[in-house]
2 protein chains.
Amino acid sequence: MTVQTLHVALNERSYPIYIGGDLSLAEYLLPHIAGHQVMIVSNTVVAPLYLARYRDVLNEAGKTVAECILPDGESYKTLESLNLIFDALMSNRFNRDCTILALGGGVVGDMAGFAAASFQRGVHFVQVPTTLLSQVDSSVGGKTGVNHPLGKNMIGAFKQPKAVLADMMLLGSLPDRELSAGLAEVIKYALIGDEDFLVWLETHMTELVARNPAKLAEAVYRSCAHKARIVAADEHEMGERALLNLGHTFGHAIESYMGYGQWLHGEAVAVGMLMAADLSARLGWIKAHDVVRVRNILRDANLPVNVPDIAPDDFLTLMGQDKKVLEGRLRLVLLKRIGEGVITREFDLQLLMQTLGNKTPGVEVI
Amino acid sequence: MTVQTLHVALNERSYPIYIGGDLSLAEYLLPHIAGHQVMIVSNTVVAPLYLARYRDVLNEAGKTVAECILPDGESYKTLESLNLIFDALMSNRFNRDCTILALGGGVVGDMAGFAAASFQRGVHFVQVPTTLLSQVDSSVGGKTGVNHPLGKNMIGAFKQPKAVLADMMLLGSLPDRELSAGLAEVIKYALIGDEDFLVWLETHMTELVARNPAKLAEAVYRSCAHKARIVAADEHEMGERALLNLGHTFGHAIESYMGYGQWLHGEAVAVGMLMAADLSARLGWIKAHDVVRVRNILRDANLPVNVPDIAPDDFLTLMGQDKKVLEGRLRLVLLKRIGEGVITREFDLQLLMQTLGNKTPGVEVI
């Protein structure tokens, strides 16, 4: 399988994403390891499957390797768990020339990245995302951090990796639900910026769900390329980058209501995107059948398409906690048309309340 | 008293330091407050003395003000205390347009700054340092962070403030020991880069110890100007900036041995600088009477000039924990001459051991 390389252009912090299957670690990992000390941060699910291969290659290359295995799950994405990484770095006497290697999904990547941003005020960072979601989402953009009990991702840093290895082989052990959650983010890129990609996804969704490695690699490449273009133009999320939050304000509210860890992030975003489509249709920007199209592609990716039974007023309160509240005014990402997202404060509250009350968007007539 | 403004030049992150007495908050503080929400971070000693004035001025300007009062002292410079700031921000529903105002010494500034760097991946930050040490040290350079049980300042970020208000009026309540600790850092700038400044300090040390506001302001201005030049050339401490660590490797070892909080940071740095001078003399770079001169200016500033009774081997181990260890080789800041610091790995270990064994540098004949 051909390895594709995507260069994320951020001036002196530019880096490559290698996308392929069974990537050669000698060729794609070792050149990006600075210093002699490598801390592999992983979790209790991923480490038994894949960690030994990375440790062995690094050891053979003469590196000192230590490990920090975190508990698995979003509920452990906390300052307390982050401190376990600092403890491991300090007790192994790691210095500021070390490299932190994240081997895991988004939670591991976010925590390892924040640790790399903060340890001695910044050390090297390399990412090996082991879920589809983290391959298409966390591997571009440099957002790292942990949750606060009162809100997700409230504490963190922007930290760019030295390299990302997106290896389709690692997706073989991914549970079906997590594969689908990753596909939700893939669909997002199509919805906000690329209708051709949506057509491609509609054509190949069966192969993607069946984990065809070449098709998955193509989806990862197109998703990362899309995100990289946006991030390069807006590294610190002042403008266009907020488009990437399509479905996230609705989705965060759902996650918050359900309790983190009940719904996967991608599942909540899927329903959130469908709600954004529903509101966009109520505003007259897209057609009712476009909402059906969004519902269908999500359903084909085995994602949830019905909204949890949250009273509209409660839903709004949950959305009000979101950090996308600027000066007290809610800003949403909606769809001007399929393939064109828009960041807007211009929506009628009544229409929003109708959307919040519709538990089966794309089914009922708007 | 005239207000002097020093501009720290760091491209888009440049900011002013206002140096004076009883600074007008309307003129110097309010223009630098972004957004409507201000979190004043202070400690239990400073808050009762000064916080009300800042809160009132901000309230009168229509800002929403909340407070986070931390326990006082280096021993509380931890991730746990940092989390108190995040708790306060979240429970008061602060958004990403808020400003964090640090009102306190170095510990408050380091923690408030790291919180400002990390909260929502970065919010605005304004510093009002209330100690001489923090006025000359923490107000330039953007170093923020907390300690780890196994090492100082191991977790943090580079975060530049929007403005710094160095108000000599705030030094009136400063304990004598802390004034002297600040003078240690002032003396440091003279030793590493400005012999004329050392002569000025030798001339005016009596007035500085007596807290003459105009003389203190002059010392703060010259110190900050010196640090600002170095930091502007080397923001992320890759080279020249390490000169600012004169006395710190020895000093950290002393702090670590004594237990944080027993010796003030400036006291440990004072003895550390004297040890650096001692080693520089043993290397033949400065004269024995230069070491006496360093001892005398420190003594005139009421600083300790004798080394704690630590066995040389233990001292070296304590130094080995220091983050200035690069690839396992110890790098020290020494003096090529009075007024010229140098970063070097070129020193004889035997001479270093002699320095570590000399508990009264500047007294015994080298």
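**Exercise 1.** Work out which side chain A:His265 meets in a polar contact, and place this histidine in its surroundings.

*Solution.* Start with the side chain of A:His265: it makes a polar contact with the side chain of A:Lys152, at 3.4 Å. (A polar contact is a pair of N or O atoms within 3.5 Å; within protein, one must be able to donate a hydrogen and the other to accept it, and residues adjacent in sequence count only if both atoms are side-chain atoms.) Remember that this is a predicted model, where local features need pLDDT of at least 70, side-chain atom pairs count only at pLDDT 80 or more, and totals for chains, interfaces and linings use all residues. Side-chain values use heavy atoms, without hydrogens and water, residues are numbered from 1 along each chain as its sequence is written, and chains are lettered from A and ligands numbered from 1 in the order written.

Next, check burial: A:His265 has 16% relative accessibility, so it counts as buried (under 20% relative accessible area; exposed is over 50%, partly exposed in between; 1.4 Å probe, protein chains only).

**Exercise 2.** Find which residues UniProt lists as "binding site", and see how they sit in space.

*Solution.* The UniProt record (unreviewed entry) gives A:Glu185, A:His248 and A:His265; such annotations may be inferred rather than shown by experiment. They're spread over 81 residues of sequence, yet cluster in space, with a largest C-alpha distance of 10.4 Å.

Now take A:His248. It's buried too, at 6% relative accessible area, and its side chain reaches the backbone oxygen of A:Leu246 at 3.0 Å.
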